[in-house]
Amino acid sequence: QQEEENPASCSETDLKKENSCTAQDGSNPNRSCWPVSSALTARLRRLITVYQRCNRKELPRAELLIPGSHGYWLQEEMFRRTTDSDPVVKEMQKRWTRREQADFYRTVSSFGVVYDTDKKVFDWTKFRTVSRLEKKADESLEKYFHSFIAMCRRVCRLPLGKEDGTPDPAIYVEPITEERAAKTLYRIELIRKVREQVLKHPNVNERMKLCQPSLYLP
């Protein structure tokens, strides 16, 4: 009886080994392909390396970009003093790379600009943080903004208004399509009206309650 049971147990053992091998190499389509231990170890090491690299870069940056913190104020003050005293830095402020132009366009078309109606000046603090253009001074951002608006109006074949400011001829702005220029001008003006007129209205809370609910609006 023992000799009769041995062949059955051996066949079951062989079947298990065969199923394990086919699951390892993925030859059996009915079973999920499980990576070998060396592949899993390599993947885990890559994940740990990427996690450590991202944390080393992003965490200090996030702390520096918090307005009101000591690190943020110290960074702004050091940059302002360096910009005011170094003529080389002033010259570099006039140069805009393609990446910087793309970041400016992305931010101005979605975030707009903040204009202080009481002081009659632009506030570039939040814009600089959102666009990641921390190296650009307020003067450089304002000059590029006027040149950007002039480019958009020129592409749309519109005259330059008095409130648009004077563009700097030394700053070159890469032209965009007429459709994008028209949409950008409209969004900049709309966002400015929302910030300067709607949000500052004394009855803004009561009027907001009268708005009809929409699927695409909060």
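Of the 218 residues in the protein chain of this predicted model, 25% count as buried. A residue is called buried when its relative accessible area is under 20%, and exposed when that value is over 50%. The chain exposes about 16,800 Å², and carbon and sulfur atoms supply 56% of this area.

The chain contains 9 helices and 2 strands. Along the sequence, these elements follow the pattern α-α-α-α-α-β-β-α-α-α-α. Among the contacts with a separation of 6 or more, 54% join residues that are 24 or more positions apart.

Helix α8 offers a clear place to begin. This helix covers residues 178–198, and its 21 residues reach 29 Å from the first C-alpha to the last, close to the 30 Å expected at 1.5 Å a residue. Its buried residues are A181, T184, L185, I188, I191 and R192. They cover an arc of only 140° around the axis, and therefore lie on the same side of α8. A general property of helices helps in reading such a list. An α-helix has 3.6 residues a turn, so residues three or four places apart point the same way. On the other side of α8, the residues E179, K183, Y186 and Q197 are exposed.

What do the buried residues of α8 pack against? Their partners are α5 (98–110), β1 (114–116), β2 (121–123) and α7 (138–155). The surface of the protein also involves this part of the chain: Y186, L190, V194, V198 and L199 form a nonpolar patch with about 470 Å² of accessible area together. One of these residues, L190, has its place in helix α8. L190 counts as partly exposed because its relative accessibility is 40%.

Helix α5, one of the partners of α8, can be examined in the same manner. The 13 residues of α5 should span 18 Å at 1.5 Å a residue, and the end C-alpha atoms are indeed 18 Å apart. The buried residues of α5 are E100, Q101, D103, F104, T107, V108 and S109. They pack against α6 (125–131), α7 and α8. D103 also takes part in a network of salt bridges that links it with R99 and R106. After α5 comes G112, whose phi is positive, near 80°.

Salt bridges provide a further view of the structure, and a search of the whole model finds 9 of them. In one, the side chains of D138 and R128 meet at 2.1 Å, N to O. Because D138 lies in helix α7 and R128 in helix α6, this pair ties together parts that are 10 residues apart in sequence. D138 is partly exposed, with a relative accessible area of 39%, whereas R128 counts as buried at 5% relative accessibility.

Which residue does E139 meet in a salt bridge? Its partner is K143, at 3.2 Å, N to O. Both residues lie in helix α7, 4 residues apart, about one turn of the helix. E139 counts as exposed at 54% relative accessibility, while K143 counts as partly exposed at 30%.

Another salt bridge joins the side chains of D164 and R153 at 3.4 Å, N to O. D164 lies in the loop between α7 and α8, and R153 lies in helix α7, so the pair ties together parts that are 11 residues apart in sequence. With a relative accessible area of 12%, D164 is buried.

How values were computed: Residues numbered from 1 in each chain as written. Predicted model: local features only at pLDDT ≥ 70, side-chain atom pairs only at ≥ 80, totals over all residues. Heavy atoms only, no water. Expected span 1.5 Å × (residues − 1). Buried < 20%, exposed > 50% of the residue type's maximum accessible area, 1.4 Å probe, protein only. Arc of directions from axis to C-beta. Contact = heavy atoms within 4.5 Å. Patch = residues over 30% accessible without salt bridge, like charges linked within 9 Å, V, L, I, M, F, W, Y side chains within 5 Å. Areas by Shrake-Rupley, 256 points an atom, 1.4 Å probe, with all protein chains shown as cover. Salt bridge = Lys/Arg side-chain N within 4 Å of Asp/Glu carboxyl O.
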